[in-house]
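Please open the model in your viewer, with the chains in separate colours and side chains ready to be shown as sticks. The tour goes from an enclosed space to the interface between chains.

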Amino acid sequence: MTNLVPVTVLTGYLGAGKTTVLNRILSEKHGQRYAVIVNEFGEIGIDNDLVIDADEEVFEMNNGCVCCSVRGDLIRILGNLMKRKDRFDGILVETTGLADPGPVAQTFFVDANLNARTRLDAIVTVADAKYLLDRLADSHEAEEQIAFADVILLNKTDLVSERELATVESRIRSINPYAQLHHTVRGRIDLQYILDRRAFDLDRILKLEPDFLHHGHHHHHSDVASVALSTDKPLDADKLVGWLQELTQTKGGDILRLKGILSLKNHDRRFVVQGVHMMLDADHQLPWKPEEKRQSRLVFIGRKLDGKALQQSFASCEA
Amino acid sequence: MSITARSNPRATRKPPATVPLSEHDLGAPATAVLSWEHGFVFASGDGQLAFATTDFKSATTTYVHTGAILCAAVDERRDVILSGGDDGRLCRTDPTGDVTEITRTDRRWVEHVAVSTTGALAWSSGKRLNLQGARGPASAFELPGSVGGLAFSAKSNRLAAAHSGGVSIYEPDTQKEQAPDLLDWKGGYLGVSWSPDDRYIVTPMWDGAARVWLLRDGEGFTLGGYLAPPRSLSWSTKGNRLVTSGAQQAMLWSLRGKNALTKPSEGRAWRPALVSAVAFGPNDSFFALGYSDGAILLAQVADMNAILVRPASRNPIAGLAWSPDGLRLAYSQEDGRVGIADFTLFAEPKA
């Protein structure tokens with residue numbers, strides 16, 4: 001099926017402005033029809049769209065891996081939504097402020113039924129420019145929400161000074177340099193920047209450059225950070241796949257997101273990979289252009305990542 | 001019935017090359033197919049119940065819900081349809097098409113409904129379970145997780161409710177304050193089913209397996225070998241065999257003998273597609289298999305030979321239901337195409 005319904009996950013810590021953004025999406029005259037799955041604490045003020053209450057029911061898979069947890073309620077609700085005759089242009093999932101986005105993303109990797117009808121479009125995180133630093137200091141979930149994001153709306157920028165804004169932005173970039181970051185006031189944002197991003201589509205992963213170069217060391221003792229690996233030498237397909245599987249099996253709990261564009265020996269096409277925790281999705285995509293430098297890049301966002309060790313083991317996959 | 005030609009002198013000696021099918025398009029995804037006293041009933045994603053006579057010569061439609069019908073069941077007399085929808089309503093529809101609203105919930109969906117042979121009624125919305133004994137009082141329970149399936153035991157009238165983390169068992173006529181019996185095993189469940197003899201409860205699991213519990217002692221084990229969750233499962237009426245969807249071959253489990261629930265029968269992978277729906281015929285000698293490519297096969301238990309009932313048509317078979325005489329098989333496809341296969345020309349004449 002070609003017309004998969006895009007699902008946008010809207011996350012952010014309590015008070016960051018998720019509901020404001022959600023209400024904005026729903027009230028704009030875009031001619032699109034959205035189903036909205038809200039959490040039990042959501043106070044949505046719109047009633048012309050289909051609004052469904054969810055219970056945020058996370059359960060573990062029976063494969064012994066604690067990081068393999070999924071959102072049972074989402075499987076149920078999305079499955080039932082697809083039974084309706086009237087279809088939606090998109091589905092918005094609002095998580096509670098205390099939610100870790102991992103299980104939501106993983107749900108889309110593992111449920112074939114869901115994959116046949118819907119696609120995870122992007123994880124959009126709303127962050128409060130004034131209080132984000134405090135939240136990052138005391139909340140594991142606030143950190144995960146930034147780390148998982150494809151799009152970050154740094155909201156309430158009118159309430160902070162330029163200097164404070166630079167500090168919080170730099171802090172966000174130390175966790176996640178790859179997300180697209182937008183400054184917003186009262187959740188005001190052109191919807192093209194948050195909807196239909198195709199952030200999880202392998203054929204849309206065309207380059208892996210940090211959106212912002214983070215210079216200098218930061219003083220925070222955050223254990224969530226990003227690591228970028230690269231090599232100009234072609235890689236051996238078997239070695240690479242074996243290494244990635246082993247790595248995600250053993251370190252999957254600490255790897256929040258990964259993306260890579262890789263050059264394999266004897267392959268003319270780019271090998272593109274992306275993943276969440278232990279879940280991996282990979283395929284051969286566009287051919288390398290003749291004039292293009294065939295550089296392999298693999299980026300991770302996660303906890304306790306040892307960049308040096310990763311670069312070394314990555315180098316061992318060279319053909 | 002066996003798959004041989006009928007030797008009625010008035011009929012041709014040879015059965016037709018293909019099984020006669022009558023089809024109809026609901027115009028919305030088909031969400032349930034049921035057999036009842038008056039033929040077959042199909043439920044849809046736009047709230048309609050379509051009632052068909054077994055020969056499909058006539059069909060009538062009643063719009064019962066304003067959104068998708070998420071669950072439907074026949075009552076103990078096979079005379080009334082109970083249905084729940086994403087409009088938050090639970091309704092009963094009688095053979096004349098009259099609809100009565102039993103309950104209405106606000107911003108919640110009625111996702112599962114079940115009726116016992118004595119007339120007890122259970123339905124659920126998310127984690128909330130409502131139980132109405134045939135004579136006893138109504139009670140409501142908050143389960144540890146969302147309900148994935150409800151089923152009454154035909155033998156003991158007990159209710160099994162599958163929810164994330166396990167299965168809770170209730171006594172509809174006596175259940176008051178006491179906690180239900182819990183069969184616990186972490187994971188998500190997509191349904192629940194009692195073996196006809198009450199020895200087992202089987203629950204399809206979301207991560208592609210089926211959990212089996214022995215009711216005697218609550219011990220459990222997992223049936224594997226699946227490529228997809230075995231959402232559809234069906235027992236032979238004697239309760240000695242279980243067939244499930246979720247693999248390319250028919251997963252036919254024997255419940256007796258040496259290989260009891262350890263190894264499925266050597267079912268053949270007849271088609272390059274997954275089995276998406278199963279239904280044991282009423283006399284235990286054959287079962288129907290619906291596939292993810294829209295094909296339907298009829299397989300004999302004895303020799304595992306199969307005939308093609310309906311050719312592939314891309315859209316998955318979502319549900320199957322037999323008429324009580326085993327001569328007609330109703331089916332539904334996810335996209336809303338429904339039909340009835342007519343086996344009367346293949347049946348042996350009555351002695």
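In this predicted model, the largest cavity has a volume of about 90 Å³, and a search of the whole structure finds one cavity of 30 Å³ or more. To see what surrounds the largest cavity, select Ile52(A), Asp53(A), Ala54(A), Asp55(A), Arg76(A) and Ile77(A), which are among its lining residues, and then add Arg107(B), Arg108(B), Trp109(B), Glu111(B) and Gly126(B), which also belong to the lining. If you colour by secondary structure, the elements that contribute two or more residues to this lining are β3 (50-53) and α2 (72-81) of chain A. Colouring by residue class instead divides the lining into six charged, four nonpolar and one polar residue.

Next, select the interface, where 30 residues of chain B are in contact with 25 residues of chain A. The two chains bury about 2400 Å² between them, with 49% of that area on carbon and sulfur atoms. On the chain B side, pick out Arg107(B), Trp109(B) and Trp206(B), which lose the most area to chain A and together account for 31% of what that side buries; Arg107(B) and Trp109(B) also line the largest cavity.

Finally, turn to the polar pairs. Four salt bridges are counted between chain B and chain A, and the side chains of Arg117(A) and Glu334(B) meet in a salt bridge with an N to O distance of 2.3 Å. Across the same interface, six residue pairs, both members at pLDDT 80 or more, are found in polar contact, while the side of chain B that touches chain A has 10 nonpolar, 10 polar and 10 charged residues.

Key. Residues numbered from 1 in each chain as written. Chains lettered and ligands numbered in written order. Predicted model: local features only at pLDDT ≥ 70, side-chain atom pairs only at ≥ 80, totals over all residues. Heavy atoms only, no water. 1 Å grid on protein atoms, 1.4 Å probe; cavity = no way out; pocket = protein on both sides within 12 Å on 5 of 7 lines; lining within 4 Å. Points joined across faces, edges and corners; volume = space filled by probe spheres on them. Helix = DSSP H or I, 4+ residues; strand = E, 2+ residues; numbered from the N terminus. Nonpolar A, V, L, I, M, F, W, Y, C, P; charged D, E, K, R; others polar. Contact = heavy atoms within 4.5 Å. Buried area = accessible area lost by both parts, 1.4 Å probe. Polar contact = N/O pair within 3.5 Å; in protein donor to acceptor, adjacent residues only side chain to side chain.
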